[in-house]
Structures are given as structure tokens and as C-alpha cells.
Amino acid sequence: MSSTVTTSPPPQSPSAPEPAQVRRSMLSRVLARPEIGALAAAIAIFIFFFAVAAPFRTLPAFSTVLYASSTIGIVAVGVALLMIGGEFDLSAGVAVATAALASAMISYQFSLNAWVGVFISLVIALAIGFVNGYLVVRTGIPSFLITLSTFFVLQGVNLGVTKLVTGTVATTNIDRLDGFDSARAVFAGNIDLGVITIEITVVWWILFVAVATWVLLRTRTGNWIFASGGNAASARAVGVPVPKVKIGLFMGVAFLAWFLGQHLLFNFSSVQAGLGVGNEFIYIIAAVVGGALLTGGYGSAVGSALGAFIFGMVTQGIVFAGWDPNWFKAFLGAMLLLAVLVNLYVKNYASQRR
């Protein structure tokens with residue numbers, strides 16, 4: 001009769017070293033940042049225009065560049081977060097006009113304080129964002145198609161309602177309404193720093209970027225955004241409220257579009273119904289140049305700011321250099337293609353390097 005003898009493995013010595021963790025090199029950690037490609041491009045473009053355009057070297061010119069960047073960057077922050085979450089919003093450009101038109105006409109036609117129009121237009125903007133997000137998560141139709149439909153609806157409503165109410169395609173000047181001056185100070189004021197005067201939109205832009213960066217990197221909501229964009233099915237399996245995250249991101253874009261709309265209204269006292277058409281692509285370009293992938297799950301708010309800054313430098317730099325501005329669109333298309341290729345290469349290189 002035979003018996004089986006079971007032996008236990010020898011106990012490990014308490015002093016036995018733990019397996020060493022593989023640490024990534026500093027270079028790979030830097031290259032893994034989504035905004036690194038945009039940072040390099042921003043530095044190169046700044047040096048280029050600084051060298052070829054003498055007006056570009058002045059502080060007033062730099063203030064102009066920052067302002068042009070902020071009017072793109074404010075909405076681009078929300079668009080970048082939405083793209084990280086795996087969705088698009090092609091209605092962001094006309095939503096800016098919708099918010100401005102609603103604010104102006106509600107206040108003027110009903111002889112209300114300007115702030116009443118501001119807050120009612122905010123409710124309208126958030127409702128548009130909610131509808132976009134709700135339709136995307138409930139129907140499963142790609143956000144590209146949903147928001148493209150919203151784009152045409154809002155464009156028609158903006159033109160039709162404005163002409164019906166005012167008889168023209170622009171709102172009436174509202175600079176004599178109560179509350180106009182205080183609203184202008186909030187949305188369209190400027191700050192004198194002594195050596196340079198900057199528009200308040202630049203300050204708001206920096207604040208929105210900081211808040212979005214904190215949300216992405218320091219909160220559970222930020223993890224949910226990355227997870228929803230990276231793999232929505234897996235995110236749902238581990239308890240991420242993907243529908244709420246996506247709806248919230250669409251509403252975030254709507255809020256920032258509302259804010260920019262109020263700036264344009266109170267900066268010029270009136271607004272054209274056709275405002276903003278085509279800008280939705282500029283917001284997406286700024287996000288993509290800043291490192292956001294079209295496939296979702298990757299990007300940063302800082303990157304969108306750098307993308308907007310590049311846009312501002314190029315638009316103003318071409319003027320300061322005295323070149324034909326018609327070349328700007330060609331440059332923009334080439335920059336977008338190059339940014340996509342560089343971002344993809346950097347991401348793959350960083351993921352393989354240790």
C-alpha cells in the first residue's frame with residue numbers, strides 16, 4: 001500500500017526582497033502627457049512669429065493674441081472634456097449665438113434687467129445640452145449625427161426668430177438696459193495690469209482650464225470621464241454612470257457656449273443671428289491639436305488651452321506679419337493633420353518606452 005506525501009513549500013525568509021517595480025523613465029512620463037506635442041508646437045510657432053513679425057513682439061500684440069485665444073479656448077475646454085468622454089458636439093458654435101440672441105431679445109423685448117435675460121438664456125443653453133446628451137445615450141445614435149441635427153435646428157431658429165422679432169438678422173442694441181454695465185464688467189470687462197491690459201475673458205479662460213484640469217486629474221468624475229471615453233461597456237460593468245457622465249459633459253459644453261455668447265453680446269451690445277457658424281470645427285481642432293484623440297479616453301484641458309493659444313498666435317501672427325490671411329485655412333488644415341499624426345506617434349512611443 002502506497003501513500004502520498006504532500007510537502008509544503010519552504011517558508012520565505014522575512015527579509016526576502018519584494019519584486020522590484022518597473023519605473024518609467026522621466027522622458028516616457030513627459031511624453032505620455034497629452035499636451036506635450038501642443039506645447040512644443042506652441043513654442044515653435046511663438047518663436048517663428050516673434051522672429052518674422054516685429055509687431056508680434058509688443059505687449060499690446062500679446063494681449064490681442066491672448067484675447068483671440070480665449071474666445072476659442074473657453075468653449076474648447078468643454079469640447080475637449082466631451083471628446084475625452086468619447087463624444088462630439090457640432091452644435092457648439094451656433095449654441096453660442098443662440099445663448100446671446102436669447103439673452104438680448106428676452107431682456108429688450110420685455111424691458112427687463114439685462115441679468116434676467118442672462119439667466120434665462122443659461123437655462124435655455126443647459127436645456128439644449130441636456131437634450132443633446134439625452135438623445136445620444138437613449139437612442140445610441142452617434143453624437144456626430146445628433147449634434148449635426150441640433151446645429152441645423154439652432155441655425156434656423158436663430159435666423160427665423162431673430163428676423164420675426166426684430167425685423168432684421170441682428171438684435172437691437174441693449175446698452176441702455178438696466179444691469180448692462182454690471183453684466184459687461186463680468187463678461188466683457190478688462191483688467192489693467194500696468195504694463196499690459198488684458199480682457200477678462202482671458203482670466204475666465206484660465207479659471208475654466210484650471211477647474212477642468214482639477215476635475216480630470218483629482219476627482220472621481222475625472223476617472224469616470226476617461227473610462228466612459230476609453231471603453232463605455234467596461235466602464236458600465238464597474239459601476240460608472242456612463243449616461244449621466246455623457247449628459248453632464250454635453251451640458252458643460254452648453255454652459256461654456258452660453259458664457260462666450262454673453263461675452264460677445266455685452267462686448268458689442270448686439271449680436272448677429274449667423275454668429276458662430278463654423279466655429280464648432282475650430283473648437284474641435286483646438287482640442288485635437290492639444291492632444292485629445294478622436295477615439296476618446298485621452299486628452300487634457302491644458303492641451304485644449306495650448307491648441308487655442310496656437311490658434312490665437314496664428315490668426316494674429318499672420319496679420320502682424322502682413323501676409324495674406326486667406327492662407328490661414330490652409331495652415332489650419334495642415335496643422336490639424338500634423339497634430340493628429342504627432343499625437344498618435346507620441347502616445348504610442350510613450351506607451352512602449354520604459
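How do α4 and α11 lie relative to each other: parallel, antiparallel, perpendicular or oblique? Keep that in mind while we get our bearings. What you're looking at is a predicted model, and its protein chain has 14 helices and 2 strands. The chain runs to 354 residues, and 46% of them count as buried. Its accessible surface comes to about 17,900 Å², with carbon and sulfur atoms making up 67% of that. As for how the chain comes together, take the contacts with a sequence separation of 6 or more: 77% of them link residues 24 or more positions apart.

Now back to the opening question. Find helix α4, residues 92-109, and follow it to where it packs on α11. The two axes are 7 Å apart, and the angle between them is about 55°. Angles under 35 degrees would count as roughly parallel, and those from 65 to 115 as roughly perpendicular. At about 55°, α4 and α11 are therefore oblique to each other. Their crossing is right-handed. By class, this contact has 12 nonpolar residues, 3 polar ones and no charged ones. On the α4 side you'll find A92, A95, V96, A99, A100, S103 and A104. Facing them from α11 are V253, A257, W258, L260, G261, Q262, L264 and L265.

Helix α11 also has a meeting with α3, so let's turn there. Here α3 spans residues 59-84 and α11 spans residues 242-268, and their axes come within 7 Å. The crossing angle is roughly 165°, and since anything over 145 degrees counts as roughly antiparallel, that is the label for this pair. The crossing of α3 and α11 is left-handed. Its residues come out as 14 nonpolar, 4 polar and no charged. From α3, the list runs Y67, T71, I74, V75, V77, G78, V79, L81 and L82. From α11, the partners are L249, F250, V253, L256, A257, F259, L260, H263 and N267. Look for V253, A257 and L260 in particular: they turn up in the contact with α3 and again in the contact with α4.

Stay on α3 a moment longer and pick out G73, which sits in this helix. Is G73 buried or exposed? With a relative accessible area of 0%, G73 is buried. Leaving aside residues up to four places away in sequence, G73 touches W205 and A308. There is also a long-range pairing to trace: A286 is 213 residues away from G73 along the chain, yet their C-alpha atoms are separated by 7.5 Å.

Finally, follow the chain into two loops, each with a backbone detail to check. In the loop between α4 and α5 (114-139) you'll come across S111. This serine isn't a glycine, but S111 has a positive phi of about 55°. S111 also counts as exposed, because its relative accessibility is 64% and the cut-off for exposed is over 50%.

The other loop lies between α11 and α12 (279-289), and S269 is the residue to find there. S269 has a positive phi as well, near 70°, again in a residue other than glycine. What about its surroundings? At 9% relative accessibility, S269 counts as buried, since the limit for that label is under 20%. So these two serines with positive phi end up with opposite labels, exposed for S111 and buried for S269.

How values were computed. Residues are numbered from 1 along each chain as its sequence is written. This is a predicted model: local features need pLDDT of at least 70, side-chain atom pairs count only at pLDDT 80 or more; totals for chains, interfaces and linings use all residues. Side-chain values use heavy atoms; hydrogens and water are left out. Axes are lines fitted to C-alpha atoms, for helices over the stretch in contact, and angles run from 0 to 180 degrees between N-to-C directions. Helices (H or I, at least four residues) and strands (E, at least two) are DSSP runs, numbered from the N terminus. A crossing is left-handed if the near helix is turned anticlockwise from the far one by less than a right angle, and right-handed if clockwise. Contact means heavy atoms within 4.5 Å. Ala, Val, Leu, Ile, Met, Phe, Trp, Tyr, Cys and Pro count as nonpolar, Asp, Glu, Lys and Arg as charged, and the others, Gly among them, as polar. Buried means under 20% relative accessible area, exposed over 50%, partly exposed in between (1.4 Å probe, protein chains only). Accessible areas come from the Shrake-Rupley method with a 1.4 Å probe; for residues, only the protein chains shown count as cover.
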